[in-house]
Amino acid sequence: MLASVMLLVGNKALVLEYPYPNFMIFSQNAICILIFLLGTKTGYFKMKKVTKQQYIELSIPSVLFTLQLYTSLKALAYIKVATTVIFRNICTLLCAGAESHFFRKKFTSEQQAAMGLIFFGSLVYGANDLGDMNMGYVWISANTLCYAVNNLYTKQKVSEMDQTADGVAYIQQMISLPLFLGLGTISDEIPDCLPAFMNLPAGPMLLFIGLGFAGTLIAMSYSNLYKTVTATSVVIASNINKVISIFLAYFCFGKPLTLIQIFGLFTCISGGVYYSIASRKARSLGKLAGDENPKSNLDGKKTDDNA
């Protein structure tokens, strides 16, 4: 939770001081890779042997992940942190619609009600934020599309890969380095980004380096968190950190929300929490139903494991 809040609010603050987003993410990912390598050597991170085929299979999600980070930083220069939270919840609707249409996934009535809450909250917030519409909405819309497609692709393809979560994160970070270097070159950030980095005040410099460690913390948390707490606790915590990010952003950037926007935001986040809980409940009921079904032999007769 701490790392997620730090990245969201920290990148928002840093991009205002250091307008070189590609070099910024390139540096953060490089720090993350070094920490992964050191952690693997010391046995803290678990990683299977990395193969050429894994690099090929992870190239698409890595490109999408790179575009996510790029468009996110571009958007944060224009829009409120609360607006990014709204669009992140809209991703739930996009993923659900795609799964229903392409993969024939069925949703419970509680899940559908939760998605209705998310949609309603997004409409309320968006209708009262249109006065501030700018390029930020274009960037965050592109970010939302990349995030949704990446989630769907990763779920269907990458989840079957014979590699640990730490190994997948490491490969994606490695592939992202030349991509961000290329984006930085095309955007004319090089070589101006280097002297600008050296001339950063002490505060932004420390934040710059600290965000690289925060990226590693996120990778480490999501690969190990399920070992210590329940899945429901994880999904609730992931939604709570969004609320913390919004309040922290208010104190850092001084951009208050109207009462209507707060209502829409609260409704949207509540829908996200409700959807997470409803999804967990649906999986639990499905597992219980499977456990209660008696096994059958090839002749169609019921068998008893104790027979």
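Start with the whole chain in cartoon view: you'll find 12 helices and zero strands. Keep in mind as you go that this is a predicted model. Reading from the N terminus, the elements run α-α-α-α-α-α-α-α-α-α-α-α.

While everything is still on screen, switch on the surface. The protein chain exposes about 16900 Å², and carbon and sulfur atoms supply 66% of that area. Of its 307 residues, 40% count as buried. Now think about who touches whom: among contacts with a separation of 6 or more, 88% are between residues 24 or more positions apart.

**Stop 1: helix 2 and what follows**

Select residues 21-41, which make up helix 2. This helix has 21 residues and reaches 30 Å from its first C-alpha to its last, close to the 30 Å expected at 1.5 Å a residue. Just after helix 2, pick G43, whose phi is positive at about 85°.

**Stop 2: helix 4**

Next, select residues 59-76 to light up helix 4, and pick out S62 within it. Is S62 buried or exposed? Its relative accessible area is 0%, so S62 is buried. Which residues does S62 touch, leaving aside those up to four places away in sequence? Show I171, Q172, I175 and L179 to see them.

Stay in helix 4 and move to V63. With 37% relative accessibility, V63 counts as partly exposed, whereas S62 has a value of 0% and is buried. Add L67 and L179 to your selection: together with V63 they make a nonpolar surface patch of about 190 Å². You have met L179 already, as one of the residues that S62 touches.

**Stop 3: the loop between helix 8 and helix 9**

Select helix 8 (165-186) and helix 9 (193-198), then look at the loop between them, where P191 is found. D188 is in this loop too. A bit of background helps here: most residues other than glycine have a negative phi, and most peptide bonds are trans. D188 is not a glycine, yet it has a positive phi of about 60°. Its relative accessible area is 58%, so D188 counts as exposed. Then zoom in on the peptide bond from I190 to P191: this bond is cis, with omega near 10°.

**Stop 4: aromatic rings**

Now show the side chains of the aromatic residues. How many aromatic pairs are there? The count comes to 11. Take Y44 and F45 as an example: their ring centres are 5.5 Å apart and their planes are at 90°, so this pair is edge-to-face. Y44 is exposed at 55% relative accessibility, while F45 is buried at 5%.

Then select F197 and F208, an aromatic pair that is tilted, with 4.8 Å centre to centre and 55° between the planes. This pair links distant parts of the chain: F197 sits in helix 9 and F208 in helix 10 (residues 202-224), 11 residues apart. What about their burial? F197 is buried, with a relative accessible area of 18%, and F208 counts as buried at 3%.

To finish, keep F197 and F208 selected and add Y18, Y20 and F23: ring pairs link these residues into a cluster.

Technical notes: Residues are numbered from 1 along each chain as its sequence is written. This is a predicted model: local features need pLDDT of at least 70, side-chain atom pairs count only at pLDDT 80 or more; totals for chains, interfaces and linings use all residues. Side-chain values use heavy atoms; hydrogens and water are left out. Helices (H or I, at least four residues) and strands (E, at least two) are DSSP runs, numbered from the N terminus. Buried means under 20% relative accessible area, exposed over 50%, partly exposed in between (1.4 Å probe, protein chains only). Contact means heavy atoms within 4.5 Å. The expected span of a helix is 1.5 Å times one less than its number of residues. Patches are made of residues with over 30% relative accessible area and no salt bridge: like charges are joined within 9 Å, nonpolar side chains (Val, Leu, Ile, Met, Phe, Trp, Tyr) within 5 Å. Accessible areas come from the Shrake-Rupley method with a 1.4 Å probe; for residues, only the protein chains shown count as cover. A salt bridge is a side-chain nitrogen of Lys or Arg within 4 Å of a carboxyl oxygen of Asp or Glu. Rings of Phe, Tyr and Trp (its six-membered ring) pair if their centres lie within 6.5 Å; planes under 30 degrees apart count as stacked, over 60 as edge-to-face and the rest as tilted.
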